[in-house]
Amino acid sequence: TTTTTTTMMMMLRGVVSSAVRDAVALAGFFGGGTSSSSSSFWGKKDDGNDGATNNILWACLVLACASFVAHEALHAMSARALPSRFFFGAEKWARLAPHRRAQVLHAPNQILNGLVAGTVVETTRFPSEMKKNGKFDVGTRTTKRGVVVGKFITKVLGGGGGKRLGNRKKAALFKRSTIVAMAASCGYLMYDFLLLTIFDRKNMLRAHGRRQYAIYVFHHLLPLLMWPLALHHGTFEYFVAWGVRSELSQAAMGLRTICIGMGILDTAFGVIVQLSFVGLFFWVRMWPLLDNIVSIAKADWFAENVPRWQVPFALISVPLPLILNVYWWFMIMGAFWKVVSGEKKRKKEA
């Protein structure tokens, strides 16, 4: 018994000390520190990118789990706050259909995800400068350009990160702003995926319809599988960053959902929200579309730093979001036209 207890205590001590070291290393990495802990977190210079990328994957997982917990907590708070007299009120809340209540409860999470992930990430017009063969290197970063908040966050986090380590021809590591934004978005996607498939499946299926429900499930599952792989190999950061940036439209979409639930979408404020949603969706999803298509056509899919098995997955997962954006854009335009033309109001009166 004494031996067993001693063994368990030693194991527990090892787990705690390891957790403390990882926490210090994580703080050093995202704080831009240069301590020995931070250096070991990045990986030794003579082992290529392997040590660095493995630790960065752990950092991304920790941040994604923290984001997931934050979204679960926000959902729980929304369930208490929204039915109160400060927002909907008990009577109005009770009159909402169950699937509509589920959508409204989910809206604050959409707003949080859009504001955090969509503003922290930095994007460039093209993946990198042209190579001699006229192609873009999907594993190399260039000059940082992005929204003001993204630049500010990058400065707070200590700069770009992502340099070549060792002599092997490995892809550049992702920028810290990309890692943080991607992890935050992955946490939201995990929360929403579980909501869609397990915790509130019936209401979500009723709210979205079978086709849109299936699209959302696949839309969530794809980045949860593909983004960590891209991060691990340091490839396709350009496409990952634009995928995360597109989440910015979720903020306006969540506000629009609340307006629908409160029945004020046809008011002046509701029209402003609707216009904001349409404008934001166009700005982050449709406006970059041509550049994204050119980048897909010019990308060096078979570059030395791209694993061959990753290519077929990338050829599917990279163009698919662009196709979905076009599909959703036409859906939005149809719904927006109904509101503007008064067709929806005439149907109600009839």
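## Exercises on cavities, pockets and aromatic pairs

The largest cavity has a volume of about 530 Å³. The model is predicted: local features need pLDDT of at least 70, side-chain atom pairs count only at pLDDT 80 or more, and totals for chains, interfaces and linings use all residues. Residues are numbered from 1 along each chain as its sequence is written, and side-chain values use heavy atoms, with hydrogens and water left out.

### Exercise 1: the largest cavity

Task: Describe the lining of the largest cavity by residue, element and class.

Solution.

Step 1. Fix the terms. On a 1 Å grid over the protein atoms alone, a cavity is a set of points where a 1.4 Å probe fits but cannot get out; lining residues have an atom within 4 Å of a point. Grid points are joined across faces, edges and corners, and a volume is the space filled by probe spheres set on the points.

Step 2. Search. The whole structure holds two cavities of 30 Å³ or more.

Step 3. List the lining. The largest cavity has 30 lining residues; nearest its centre lie Trp227, Phe239, Gly243, Ser317 and Pro321.

Step 4. Assign elements. Helices are DSSP runs (H or I, at least four residues), numbered from the N terminus. Two or more lining residues come from each of H9 (210-233), H10 (237-245), H12, H14 (310-317) and H15 (319-341). H9 gives the most, with seven residues.

Step 5. Sort by class. Ala, Val, Leu, Ile, Met, Phe, Trp, Tyr, Cys and Pro count as nonpolar, Asp, Glu, Lys and Arg as charged, and the others, Gly among them, as polar. The lining of the largest cavity has 21 nonpolar, seven polar and two charged residues.

### Exercise 2: the buried side of H14

Task: Find the buried residues of H14 and say where they lie around the axis.

Solution.

Step 1. Apply the cut-offs. Buried means under 20% relative accessible area, exposed over 50%, partly exposed in between (1.4 Å probe, protein chains only). In H14, Gln310, Val311, Ala314 and Ser317 are buried.

Step 2. Take the arc, that of the directions from the helix axis to the C-beta atoms. These residues cover an arc of only 140°, so they lie on the same side of H14.

### Exercise 3: the largest pocket

Task: Describe the largest pocket in the same steps.

Solution.

Step 1. Define. A pocket is an open set of grid points with protein on both sides within 12 Å along at least five of seven lines.

Step 2. Give the volume. The largest pocket holds about 1200 Å³ of space.

Step 3. List the lining. It counts 40 residues, with Gln103, Met253, Arg256, Thr257 and Ile260 closest to the centre of the largest pocket.

Step 4. Assign elements. Helices that each supply at least two lining residues include H5 (98-120), H7 (176-199), H11 (249-262) and H16 (343-349).

Step 5. Sort by class. The lining of the largest pocket has 19 nonpolar, twelve polar and nine charged residues.

### Exercise 4: aromatic pairs

Task: Count the aromatic pairs, then examine Phe277 and Phe281.

Solution.

Step 1. State the rule. Rings of Phe, Tyr and Trp (its six-membered ring) pair if their centres lie within 6.5 Å; planes under 30 degrees apart count as stacked, over 60 as edge-to-face and the rest as tilted.

Step 2. Count. The rule yields twelve aromatic pairs.

Step 3. Classify. Phe277 and Phe281 pair edge-to-face, at 6.2 Å centre to centre and 65° between the planes.

Step 4. Explain the spacing. Phe277 and Phe281 are about one helical turn apart because they are four residues apart in H12 (268-286). Both are buried.

Step 5. Compare a second pair. Trp309 and Phe313 are also edge-to-face, at 6.4 Å and 70°. Trp309 is partly exposed, at 41% relative accessible area. Phe313 is partly exposed too, at 43%.

Step 6. Extend. Phe277, Phe281, Phe282, Trp287 and Trp329 form one aromatic cluster.

### Exercise 5: a loop residue

Task: Place Phe236 and describe its backbone.

Solution.

Step 1. Locate. Phe236 lies in the loop between H9 and H10.

Step 2. Read phi. Phe236 is not a glycine, yet its phi is positive, about 60°.

Step 3. Check burial. Phe236 is buried, with a relative accessible area of 5%.
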